Amino acid sequence: MPIILGMRLSVNNYHGISFGTLPISTILIDPPISQAKNLDSWLKVNREYVERIVPQKLYEKENQITNRPLDSQIRKISQILCLPETSHVKSFWIKSTLQVIKPGQQFYFLGCPGCSKACGAVYGSEFTCFYCNTDFPNPKPMLRFEAELYDGTGCLDAFAEHTEAQTLLRMSAEDVITAAKENKMGLDEVNERFKDLLFFFHIRTSNTEIRRKKYHDMSSSFRTTFHITNLSRDRFLSEHTKKVNVRYIHV
């Protein structure tokens with residue numbers, strides 16, 4: 001198994017992490033450096049583990065378990081709202097409720113089965129994805145919705161998509177389409193799924209600009225919204241008997 005060193009690569013954080021090359025990029029195979037030798041030594045010791053996780057795709061986020069954050073890691077939303085726009089801190093743990101307040105959401109979009117980006121194609125028709133330059137017989141319905149997170153000190157606009165949205169809604173994209181046709185995806189029906197629930201969210205800033213609101217101050221300005229991008233489904237689906245359940249959501 002070769003060791004690959006990439007320098008000056010482009011990095012895309014959409015739907016995971018992917019790398020691309022630039023005119024100034026450099027790729028080295030088995031570079032003669034100490035870090036590569038250390039990694040090769042680690043691989044020899046842990047080869048059995050690596051050969052197990054690769055076929056099972058245990059490295060993918062939906063197969064990973066998120067642990068409860070330490071109390072010292074949890075930030076108040078009011079503290080996050082007071083951070084300057086130039087702050088280098090882009091991700092936070094918070095403990096909050098979740099509520100969908102934007103009416104008229106579809107809760108899904110049609111995306112490319114290859115790269116998961118919105119394609120603008122018509123459901124049931126062939127299309128060519130301009131991102132991955134591949135032909136597909138049909139776009140894939142994918143979940144996405146916007147919500148408000150509130151912890152008693154302030155509220156933040158956030159969104160969840162793909163696996164995270166499915167676990168929060170406890171519905172697949174196909175289920176959402178069917179429910180929407182039956183007029184069962186109104187705000188009351190959706191928010192009933194989050195009633196009396198308290199979440200541990202790990203959120204990070206996104207490039208999408210939407211409204212920022214402060215507690216006891218309904219004036220608004222434009223600020224980067226927050227993205228919920230991973231979660232611990234085993235803990236999320238447990239503890240249904242308490243009036244207020246605590247559930248774990250992670251970037």
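Which residues touch the most other members of the largest nonpolar core? This tour of a predicted model reaches them after a look at the whole chain.

**Whole chain.** Show the protein chain as a cartoon: seven helices and 14 strands make up its secondary structure. Colour by burial next; of the 251 residues, 35% are buried. Switch on the surface, and the accessible area is about 15,400 Å², with 52% of it belonging to carbon and sulfur atoms. For contacts between residues at least 6 apart in sequence, 59% link residues at least 24 apart.

**Largest core.** Select L98, F145, L149, L169, F194 and I203: in this core of 31 residues, they are the ones that touch the most other members. Then colour the elements that each supply at least two of the core residues: helices α3 (77-81), α4 (162-169) and α5 (173-181), together with strands β5, β9 (140-150), β10 (155-161), β11 (197-214) and β12 (217-228). A second core, separate from this one, has six residues, among them C115, A121, C129 and F136.

**L98.** Centre on L98 and display its contacts. Beyond its neighbours within four places in sequence, L98 is in contact with F145, A147, E148, L149, L168, F194, F199, F201 and I228. Of these, F145, L149 and F194 are also among the core residues that touch the most other members.

**W93.** Move to W93, which lies in strand β5, residues 91-99. Is W93 buried or exposed? Its relative accessibility is 9%, so W93 counts as buried, the cut-off being under 20%. Finally, add K76 and draw a C-alpha to C-alpha distance from W93: the two are 8.6 Å apart in space and 17 residues apart in sequence.

Key. Residues numbered from 1 in each chain as written. Predicted model: local features only at pLDDT ≥ 70, side-chain atom pairs only at ≥ 80, totals over all residues. Heavy atoms only, no water. Helix = DSSP H or I, 4+ residues; strand = E, 2+ residues; numbered from the N terminus. Buried < 20%, exposed > 50% of the residue type's maximum accessible area, 1.4 Å probe, protein only. Core = buried A, V, L, I, M, F, W, Y, C linked by side-chain atoms within 4.5 Å. Contact = heavy atoms within 4.5 Å. Areas by Shrake-Rupley, 256 points an atom, 1.4 Å probe, with all protein chains shown as cover.
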